[in-house]
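User: Could you walk me through the reasoning behind some of the labels used for this model? I would like to see each value set beside its cut-off.

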Amino acid sequence: MEFGKYNIDKRLVDTLKMHGYVTMTGVQSEILPRALKGESLIVKAKTGSGKTHSYLIPILNKLEKTEELQALILAPTRELARQIYDFARVLNDDYKGVDILFLAGGLQTSRHKERLASKPALIIATPGRLKALLINEDITSFKSIHTVVLDEGDMLLDSGFYDVISETLAALDNPTVQLFSATIPQKLANLVTLKTGVKTVIDIDRDDKTSDNVTHHLIDVHHMNRFEVVESFVKHFNPYLLLVFCSTNKEVLELYEFLSAKGHKIGLLTGELESRKRKAMFRRVRNNEFQVVVASDIAARGIDIEHVSDVLSVSFPFDLEFYFHRAGRTGRLDNKGNAYTLYDHDDLETVEKVEKLGVKFTRLVYKGGAFSAVTKRISRKKALTPEEKELNVKIKTAVAETKTKKVRPGYKKKVRTAVENVKRKHRRKMIKKSIREQRVERYKAEKRRDS
């Protein structure tokens with residue numbers, strides 16, 4: 001369905017069309033009618049589904065050119081807040097031209113104070129900077145705010161911003177509150193319910209945690225050096241834009257140095273970078289200066305980097321929810337993408353967990369410098385019980401005792417006979433054990449009846 005079908009200002013519809021937004025995504029078609037009516041919402045939506053515009057469009061549609069703070073959007077990281085601000089600014093500049101303020105760490109507090117004095121219509125902020133400027137110093141009144149958006153709600157909660165959000169909502173008079181998240185944190189949902197009365201979670205994902213546009217692959221690396229496999233991957237697949245994820249900042253920096261030493265021009269996104277360098281790096285990444293970007297999970301949540309053709313995880317993340325956030329960096333909107341993960345047999349338990357969450361993997365094996373398709377499914381060996389382990393030991397012992405240095409007539413038959421004798425004795429032992437256990441259970445049952 002097109003944006004023009006809804007009660008949206010025609011100038012805004014024309015602006016959206018000018019920037020290539022004509023047809024709505026599934027999340028937009030479900031959320032926009034409610035958001036345009038000013039409803040409070042709790043929305044569970046997967047990454048890359050277009051949820052940012054689901055709340056930005058109604059906010060921009062409602063903003064007025066008055067000297068009042070009218071709406072507030074909170075995001076957990078400065079990168080995500082900056083991305084939302086950039087989206088809003090592009091549309092706003094060609095539409096209504098209201099004053100929008102970006103508040104995040106890394107920028108001078110005095111500059112923020114000056115901008116706040118001009119009474120912006122919309123503030124897009126991280127909770128930490130918002131608390132320092134608006135709550136602690138009470139620079140401006142919150143009473144005029146009619147809409148608050150909490151984006152990536154679970155990450156807001158994980159980052160310890162619950163108290164800031166609670167104080168912010170307590171300062172407002174009956175605002176519309178919209179909570180968006182890939183997974184809904186109950187504590188934050190309860191807070192929104194307490195403030196607005198809304199209880200129902202709109203589950204856009206339902207049981208689908210990944211985009212249909214993403215194809216998931218496993219690459220068996222046989223305990224090889226994974227950094228070398230990453231370099232071979234780049235040479236073999238020649239991706240348009242590859243986002244490589246590592247699970248620790250230390251590993252990110254080591255892989256960055258490894259690939260750089262091999263002569264590759266590599267982008268780097270990690271929390272270890274100071275604010276100014278991170279901002280400059282995001283700008284360079286978005287300007288398509290790199291074919292390969294090495295990142296920590298700071299880039300896995302909500303950050304929209306255009307034209308990511310492939311995602312490669314050097315290993316599975318510690319928190320498996322981040323697997324879906326990583327994979328969500330590609331295959332966004334109508335684009336196709338691939339998510340690759342390096343693994344070996346030690347990771348098979350994790351692979352099974354991810355598959356139970358709905359992911360269907362195709363399998364590749366890296367061997368001899370080449371990546372080959374594997375059709376046979378590799379499964380974990382069934383865990384043996386203590387009794388089964390004991391039997392295996394006895395069988396190996398019997399075979400060893402039957403062996404001779406010279407191959408003699410009837411050797412194979414003697415080995416089979418020895419193995420069968422061991423198995424027969426083991427079966428008898430298990431039967432006797434079962435009989436004893438049944439007798440004990442009957443005795444206990446009789447004692448319970450007598451008592």
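User: What makes Arg-34 and Glu-39 a salt bridge?

Analyst: Happy to start there. This is a predicted model, where local features need pLDDT of at least 70, side-chain atom pairs count only at pLDDT 80 or more, and totals for chains, interfaces and linings use all residues. Residues are numbered from 1 along each chain as its sequence is written, and side-chain values use heavy atoms, with hydrogens and water left out. A salt bridge needs a side-chain nitrogen of Lys or Arg within 4 Å of a carboxyl oxygen of Asp or Glu. For Arg-34 and Glu-39, the closest N and O atoms are 4.0 Å apart, so the pair counts as a salt bridge.

User: Are Arg-34 and Glu-39 buried or exposed?

Analyst: Neither label applies: buried means under 20% relative accessible area, exposed means over 50%, and partly exposed lies in between (1.4 Å probe, protein chains only). Arg-34 has 34%, so Arg-34 is partly exposed. Glu-39, with 31%, is partly exposed too.

User: How do you know that Arg-284 and Glu-289 form a salt bridge?

Analyst: Their closest N and O atoms are 2.7 Å apart, which meets the rule. Arg-284 is partly exposed at 31% relative accessibility, and Glu-289 is partly exposed at 32%.

User: How many salt bridges are there by this rule?

Analyst: The count comes to 19. Lys-51, Asp-151 and Glu-152 are linked in a network of them.

User: Why is H2 called roughly parallel to H3?

Analyst: Helices here are DSSP runs (H or I, at least four residues), numbered from the N terminus. The axes of H2 (residues 26-36) and H3 (residues 51-62) come within 9 Å and cross at roughly 25 degrees. Angles under 35 degrees count as roughly parallel, over 145 as roughly antiparallel, 65 to 115 as roughly perpendicular and the rest as oblique. That places H2 roughly parallel to H3. Lys-51 is one of the H3 residues in their contact (heavy atoms within 4.5 Å).

User: And what makes H4 oblique to H12?

Analyst: The axes of H4 (residues 78-93) and H12 (residues 275-286) come within 11 Å and cross at roughly 50 degrees. That angle fits none of the other classes, so H4 is oblique to H12.

User: Which residues make that contact?

Analyst: H4 contributes Arg-78, Glu-79, Arg-82 and Gln-83, while H12 contributes Ser-275, Arg-278, Lys-279, Phe-282 and Arg-286.

Methods
Axes are lines fitted to C-alpha atoms, for helices over the stretch in contact, and angles run from 0 to 180 degrees between N-to-C directions. Helices (H or I, at least four residues) and strands (E, at least two) are DSSP runs, numbered from the N terminus.
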